[in-house]
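This report reads through one model, beginning with a single residue and moving outward to strands, a helix and aromatic rings. Please keep the sequence and the structure in view while reading.

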Amino acid sequence: MRQFPLEMHHMAPGRVVEWRLRSTAGAQSPGPDGAHGADGAADRRASFNQDKHFTVAEESRAADDPTASWIAVTFEVAGPLDEDALTGALLAFVRRHEVLRCEFRRLAGELSCAPIPAAELALDTVPVADFDRTEELTRFLVERFKRSIDTLSWPLFTMGAVLREDSATVYLAFDHIVCDGMSMPIVVREVENDYEALLRGELPDPAPAPSYIDFAEEQRGRYLSIDADDERLGYWKQFMASGGGEFFPRFPLELGVEPGRMYSIVNEASPLLDAAEAEVFEKACLAVDGKPFMGVLAAVAVCLREAGGPGVYRGFMPVSERGRAGWGNSVGWFVNTMPIEFDASPGRDFSQVMTSVREGFNEMIDHLDVPFVRAWELLAPREFAARSWPYPVNFFSYIDMRKCPGAERHEEWRPTSHVWSAQANGACSWFQRDADGLHMNSIYSDTPAARRTMDGFLEALRETVREIARHGSLRRPIALTPPRRPARTPLDVASFGRRG
């Protein structure tokens with residue numbers, strides 16, 4: 001499983017159907033005690049991530065400058081599709097995860113979410129269109145996700161499938177407010193397993209998954225009352241002090257963006273290492289008491305330094321909060337964004353840089369408790385009032401998809417994930433390891449300077465991780481001259497899992 005732009009997905013054409021979610025009880029108004037829905041379920045408080053995301057959407061709508069984004073997943077079902085079985089599988093999936101059944105709204109200034117009782121949900125199958133060409137299908141899906149995903153409107157996701165005589169591609173696209181990247185493998189596994197169970201004449205497991213809304217309630221209960229003097233903010237304050245007082249670590253290379261302006265995006269994905277090279281790269285990292293993600297982060301830091309950045313790497317890194325209390329099989333936004341800092345100065349060899357990465361990462365994990373949005377609100381209130389991060393921010397994300405739920409069947413299901421955002425004022429890069437190797441997906445501002453910078457960075461990073469794999473070192477000079485931009489070719493989902 002890997003992440004790349006939907007536009008690069010070479011999906012075979014076919015007949016498109018969608019499943020529209022509705023409540024059989026109709027719209028419900030909250031009672032005087034805040035109750036909502038036929039079963040009297042009380043409104044719940046949203047998480048800090050959700051509250052900030054929803055606020056940005058509200059302010060963007062009011063300013064007639066919509067900020068939109070989505071996270072999508074596609075996967076394959078072999079054989080002629082049983083539409084009734086897939087309907088049952090999708091409905092079971094939605095009923096299982098409370099956050100997908102929530103309507104978000106303002107109550108007395110706070111963002112609340114009102115869960116619709118699972119038993120009240122129903123799905124309607126809607127024929128959409130027939131497509132004879134892959135290009136037309138891809139354009140339709142891109143536009144469909146843009147139009148259908150709206151943070152301020154329920155439901156907050158769309159579901160459909162491309163049907164053919166001997167196979168189908170299922171797709172689900174979500175607003176970020178109800179999920180994160182690690183939710184996508186959970187989506188695939190649950191829908192596929194429930195579909196197969198229904199084909200066998202069995203019923204899907206009716207037990208609900210641990211609810212993200214419970215996680216949000218617990219989080220707000222612990223951190224809503226803290227102030228800027230709370231000792232748990234000490235790690236953030238130390239990070240800010242070493243960066244001249246700034247809350248956000250700057251992306252250190254030139255992107256040609258103007259302060260206060262947002263830009264259309266470039267969304268690109270490229271391979272860095274094939275499967276065999278990734279195995280050797282991992283061994284090189286383990287040999288110096290590190291992990292593969294640390295090796296990639298070390299390579300990123302060295303490439304940024306060689307391109308003109310500082311010797312000390314400072315950046316943001318999303319960290320999953322799923323493992324702390326049994327949320328491993330739950331859909332939701334279980335991500336805390338944390339600052340990390342380590343020394344990658346000239347003259348340090350691979351082992352020394354990796355030692356610094358490991359120490360920086362361990363220090364970060366020791367201070368994982370305070371939610372990013374709460375720290376942002378308390379320590380940088382002026383920037384918090386804005387609708388976007390103030391300038392290009394250094395951001396690094398890594399997921400080993402081989403360790404995700406259902407990974408043992410990814411070669412069969414051929415899942416892919418896709419992210420999109422309407423605008424950007426910087427650059428974000430996501431790295432994924434799967435059975436086919438190491439891959440990079442970047443979204444950045446569409447400016448000439450950003451294209452030159454990111455092309456050069458990609459080429460330098462590819463050479464650096466290959467050098468680590470071949471020699472376990474950083475000794476080879478890094479070429480920073482931007483290469484000629486290659487043609488972007490669609491990725492054929494049928495080729496996933498094959499070894500070259």
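## A buried histidine and its surroundings

H439 counts as buried, because its relative accessibility is 6%, which falls under the 20% limit that defines the buried class. The model is a predicted one, and the description that follows should be read with that in mind. H439 belongs to strand β19, which spans residues 437-445, and its side chain makes a polar contact with the side chain of D434 at 2.9 Å. When residues up to four places away in sequence are left aside, H439 touches R2, S270, P271, L272, W430, F431, Q432 and D434.

A386 offers another case, being partly exposed with a relative accessible area of 30%. A386 is placed in the loop between α11 (381-384) and β16 (396-400), and although A386 and V56 are 330 residues apart along the chain, their C-alpha atoms are separated by 8.2 Å.

## The seven-stranded sheet

Seven strands form an open sheet with mixed pairing, in the order β1-β17-β7-β12-β11-β3-β10. The edges are taken by β1 (2-3) and β10 (121-130), each of which has a single partner strand, so that one side of each is left without a neighbour in the sheet. Within this sheet, strand β11 (residues 157-163) and strand β12 (residues 167-174) run antiparallel and are joined by seven bridges; G160, for instance, has Y171 in β12 as its bridge partner. Helix α4, covering residues 183-199, lies across β7 (69-78), β12 and β17 (416-421), and runs at about 35° to β7.

## Aromatic rings and charges

The structure holds 30 aromatic pairs. In one of them, the ring centres of F247 and F248 are 5.1 Å apart and the planes stand at 75°, so the pair is edge-to-face. Both F247 and F248 are buried, and ring pairs link these two residues with W236, F316, F372, W376, F384, W389 and Y391 into a cluster.

Which residues lie over the rings of F384 and F239? The table sets out the two cases, with the distance to the ring centre in each.

| Residue over the ring | Ring | Distance to ring centre |
|---|---|---|
| K52 | F384 | 4.3 Å |
| R314 | F239 | 3.9 Å |

K52 thus lies over the face of F384, a residue that is also among those in the aromatic cluster, while the charged end of R314 sits over the ring of F239.

Conventions
Residues are numbered from 1 along each chain as its sequence is written. This is a predicted model: local features need pLDDT of at least 70, side-chain atom pairs count only at pLDDT 80 or more; totals for chains, interfaces and linings use all residues. Side-chain values use heavy atoms; hydrogens and water are left out. Helices (H or I, at least four residues) and strands (E, at least two) are DSSP runs, numbered from the N terminus. Buried means under 20% relative accessible area, exposed over 50%, partly exposed in between (1.4 Å probe, protein chains only). A polar contact is a pair of N or O atoms within 3.5 Å; within protein, one must be able to donate a hydrogen and the other to accept it, and residues adjacent in sequence count only if both atoms are side-chain atoms. Contact means heavy atoms within 4.5 Å. Two strands pair if DSSP finds at least two bridges between them. Axes are lines fitted to C-alpha atoms, for helices over the stretch in contact, and angles run from 0 to 180 degrees between N-to-C directions. Rings of Phe, Tyr and Trp (its six-membered ring) pair if their centres lie within 6.5 Å; planes under 30 degrees apart count as stacked, over 60 as edge-to-face and the rest as tilted. A charge sits over a ring if NZ of Lys or CZ of Arg is within 6 Å of the ring centre and within 35 degrees of the ring normal.
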